[in-house]
Amino acid sequence: MRKALLAVVVALYCISIAHAQTDVLIEIDRGRTEGIFTKSPVFQRAILSKPATPTETAVLFFRGYPGIARIQSVADKQRNLLPFMRLNQRIFLEEGIALVIVDCPTDQWGAPGADPTSCFDGYRSSKEHVDDVRSVIARLRDEHGISKIYIFGHSFGTISSRWLAMNLGNEINGSIHSASMNGRNPRGYANSLSRFSYDTIAAPILHVHNENDACPHTPYSTVKEYAGENLVTVRGGVPEGDPCGATHLHSYRGREELVVRSILSWIKTRKVDRLIGE
């Protein structure tokens with residue numbers, strides 16, 4: 001009964017925000033092909049959610065595990081927003097900031113299934129990834145009047161957000177790295193960041209992390225060492241389910257709105273909330 005009621009509330013909420021924003025599918029032919037025999041065109045896709053009032057600012061969101069959004073239409077938006085983002089979309093609208101969910105290009109989708117088989121560090125740290133994201137930024141600028149770009153990665157998505165922040169330089173206005181992956185894992189995710197130089201990032205940086213994040217791949221202590229004064233430490237919350245999942249401290253369960261408001265406040269003012277959730 002409780003789950004059914006929650007489903008109804010979420011559905012009504014999604015209907016209400018639909019009237020306050022416009023969702024647009026961005027699809028860009030990247031001019032390359034995949035497949036030995038089919039030679040299928042490769043597309044870079046994203047979903048743009050624009051506030052009712054025109055804005056010049058957008059946040060490009062790179063989702064957590066498995067990191068591949070498999071976007072085919074705007075109907076794929078909700079499942080690719082983690083709960084802390086999905087339930088707080090209204091704040092983006094209120095603050096007049098567009099939200100863009102960015103997918104891996106179709107030649108990086110790999111095999112279907114729960115675990116990714118592609119779009120790993122090799123691609124995320126590459127010039128090709130930078131150019132694919134540049135094509136999205138160009139579309140936002142030329143067709144939607146968006147000139148201020150922020151890169152936002154969560155967990156697995158921070159492999160992209162950090163490499164993009166370095167390689168895009170002053171082409172972006174800032175980057176946000178949430179629950180960053182740093183711990184070693186058997187599949188080698190984020191190993192490309194083992195000696196990453198944050199000093200080479202030109203645009204402003206914000207790091208966000210729960211001090212009791214229990215996911216072994218995203219230790220708070222590592223982020224605290226390199227983030228310095230650019231770290232928002234999240235305290236408290238509700239630890240439920242998978243320690244690396246969407247219902248645990250790793251994804252700010254119980255502190256969702258505080259986290260989103262802190263990030264958007266930084267975008268507008270550059271003020272870092274050093275500790276939230278007390």
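Leu-60 touches Val-100, Val-102, Val-133, Ile-137, Leu-140, Ile-149, Tyr-150, Ile-151 and Phe-152, leaving aside residues up to four places away in sequence, where contact means heavy atoms within 4.5 Å. The model is predicted, with local features needing pLDDT of at least 70 and side-chain atom pairs counting only at pLDDT 80 or more, while totals for chains, interfaces and linings use all residues. Residues are numbered from 1 along each chain as its sequence is written, and side-chain values use heavy atoms, with hydrogens and water left out.

**Nonpolar cores**

- The largest nonpolar core, a set of buried Ala, Val, Leu, Ile, Met, Phe, Trp, Tyr and Cys residues joined through side-chain atoms within 4.5 Å, has 34 residues, of which Leu-60, Leu-140 and Ile-149 touch the most other members.
- At least two residues of this core come from each of β1 (21-34), β2 (40-51), β3 (57-62), β4 (98-102), α5 (127-144), β5 (148-154) and α6 (158-168), these being DSSP runs numbered from the N terminus, with helices (H or I) of at least four residues and strands (E) of at least two.
- A second, separate core of 31 residues includes Ala-69, Ile-263, Trp-266 and Val-272.

**Asn-210**

- Asn-210, in strand β7 (residues 205-210), counts as buried because its relative accessibility is 1%, where buried means under 20% relative accessible area, exposed over 50% and partly exposed in between (1.4 Å probe, protein chains only).
- A polar atom of the Asn-210 side chain lies 3.0 Å from the backbone oxygen of Gly-236.
- Not counting residues up to four places away in sequence, Asn-210 touches Tyr-220, Val-234, Gly-236, Leu-249 and Tyr-252.

Terms used: A polar contact is a pair of N or O atoms within 3.5 Å; within protein, one must be able to donate a hydrogen and the other to accept it, and residues adjacent in sequence count only if both atoms are side-chain atoms.
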